[in-house]
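Open your viewer and keep the selection tool handy. This tour moves from stop to stop, telling you what to pick and what you will find there.

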Amino acid sequence: DRFPSSNPILLHLPNLDQAGLAYGEITYHKTPIMMHQLEVLIGQENFRKGIQDYIKMYKGDNANFIQLIEQFKKYTSADIEYWLDAWVKKPGRPIINYTIDTSGGIINQFSLTQYKEYDKKMILPQKFDIMLFYDSSTTETITINMNQANQKVSEAIGKKAPTLILFNTSGEGYGVFPIDRALLNKGLRETTVEARASAVINLYELMLRSKETEPEPFSKAYK
């Protein structure tokens with residue numbers, strides 16, 4: 001999904017002898033995240049019901065992904081059509097950034113922005129975590145359900161200002177996430193394995209986009 005030429009998850013092939021074209025990085029890496037985010041969107045129990053109905057209806061027959069989506073629609077009021085368009089029918093990944101305002105050691109404002117890299121009018125509705133890091137024994141995780149291009153993190157307002165903010169710390173999210181430059185001084189040794197791995201991936205993607213031209217200072221934070 002790094003390039004404008006990337007293919008969407010859902011491909012329409014004129015002939016099954018071209019099926020091999022559908023199996024690549026997008027299929028094996030983006031699709032599992034997409035399915036998890038779908039489960040988050042409609043709820044675990046509704047997801048299970050939709051899968052059960054799909055199996056019962058098409059047992060012993062051929063079926064496609066759109067027919068699976070039709071089963072999920074029965075159990076949710078979420079805008080599945082928009083979600084399907086953003087995640088499955090069109091290629092691309094979101095670029096996520098943040099702004100924070102603090103005074104007196106307290107968070108006054110915290111907001112997130114998201115836009116699709118090659119289609120700025122579209123976002124990918126999704127869930128991910130951010131971690132407010134204070135010291136080795138004090139962290140706080142906030143779960144973000146991002147379904148807007150600009151979204152306030154109201155749960156963070158009024159909290160103590162952290163020394164470091166880490167994004168997508170559970171690894172559930174998809175896209176290019178920001179790096180807090182406080183990472184240079186704080187390092188990652190005292191965070192979780194998942195948070196360290198996500199931070200490495202976030203930095204790597206930012207470097208590939210040439211948004212961080214000095215990778216060496218950041219690389220020291222992982223040692």
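Begin by selecting Glu-45 and Arg-48, which both sit in helix H2 (residues 44-58), three residues apart, about one turn of the helix. Keep in mind along the way that this is a predicted model. Show the two side chains and you will see a salt bridge between Arg-48 and Glu-45, with the closest N and O atoms 2.6 Å apart. How accessible are the two partners? Arg-48 has a relative accessible area of 37% and is therefore partly exposed. Glu-45, with a relative accessible area of 43%, is partly exposed too.

**Next stop: Glu-205**

Now select Arg-2 and Glu-205, whose side chains meet in a salt bridge of 2.8 Å, N to O. Arg-2 is in the segment before helix H1 (25-42) and Glu-205 is in helix H6 (residues 193-208), so this pair ties together parts that are 203 residues apart in sequence. Colour the two by accessibility: Arg-2 is partly exposed, at a relative accessible area of 33%, whereas Glu-205 is buried, at 10%.

Keep Glu-205 on screen and add Arg-93. Their side chains also meet in a salt bridge, at 2.7 Å from N to O. Here again distant parts of the chain are linked, since Arg-93 belongs to the loop between H4 and S1 and Glu-205 to helix H6, 112 residues apart. Arg-93 is buried, with a relative accessible area of 6%. Which residues do salt bridges with shared partners join into one network? Select Arg-2, Arg-93, Glu-117, Glu-205 and Arg-209 together to display it. If you would like to hunt for others, the count of salt bridges comes to twelve.

**Then the rings**

Turn to the aromatic side chains, where the count comes to seven pairs. One of them is Trp-87 with Tyr-174, a tilted pair with 5.8 Å from centre to centre and 45 degrees between the planes. Trace the backbone from each ring: Trp-87 lies in helix H4 (residues 80-89), while Tyr-174 lies in the loop between strand S6 (164-167) and helix H5 (183-186), so the pair ties together parts 87 residues apart in sequence. Are these two residues buried or exposed? Trp-87 and Tyr-174 are both buried. Add Trp-83 to your selection, and you have a cluster of Trp-83, Trp-87 and Tyr-174 linked by ring pairs.

**Along the loop between S6 and H5**

Stay in the loop between S6 and H5 and pick Asn-168. Its relative accessibility is 6%, so Asn-168 counts as buried. What is Asn-168 in contact with, leaving aside its neighbours within four places in sequence? Show Phe-128, Asp-129, Gly-173, Phe-177 and Ser-198 around it.

**Last stop: strand S1**

Finally, select Thr-99, found in strand S1 (residues 94-103). With a relative accessibility of 46%, Thr-99 counts as partly exposed. Leaving aside neighbours within four places in sequence, Thr-99 is in contact with Gln-109, Phe-110 and Ser-111. Zoom in on Ser-111, whose side chain is joined to that of Thr-99 by a polar contact of 2.7 Å. To finish, draw a distance from the C-alpha atom of Thr-99 to that of Thr-113: they are separated by 8.5 Å and lie 14 residues apart along the chain.

Note on methods:
Residues are numbered from 1 along each chain as its sequence is written. This is a predicted model: local features need pLDDT of at least 70, side-chain atom pairs count only at pLDDT 80 or more; totals for chains, interfaces and linings use all residues. Side-chain values use heavy atoms; hydrogens and water are left out. Rings of Phe, Tyr and Trp (its six-membered ring) pair if their centres lie within 6.5 Å; planes under 30 degrees apart count as stacked, over 60 as edge-to-face and the rest as tilted. Helices (H or I, at least four residues) and strands (E, at least two) are DSSP runs, numbered from the N terminus. Buried means under 20% relative accessible area, exposed over 50%, partly exposed in between (1.4 Å probe, protein chains only). Contact means heavy atoms within 4.5 Å. A polar contact is a pair of N or O atoms within 3.5 Å; within protein, one must be able to donate a hydrogen and the other to accept it, and residues adjacent in sequence count only if both atoms are side-chain atoms. A salt bridge is a side-chain nitrogen of Lys or Arg within 4 Å of a carboxyl oxygen of Asp or Glu.
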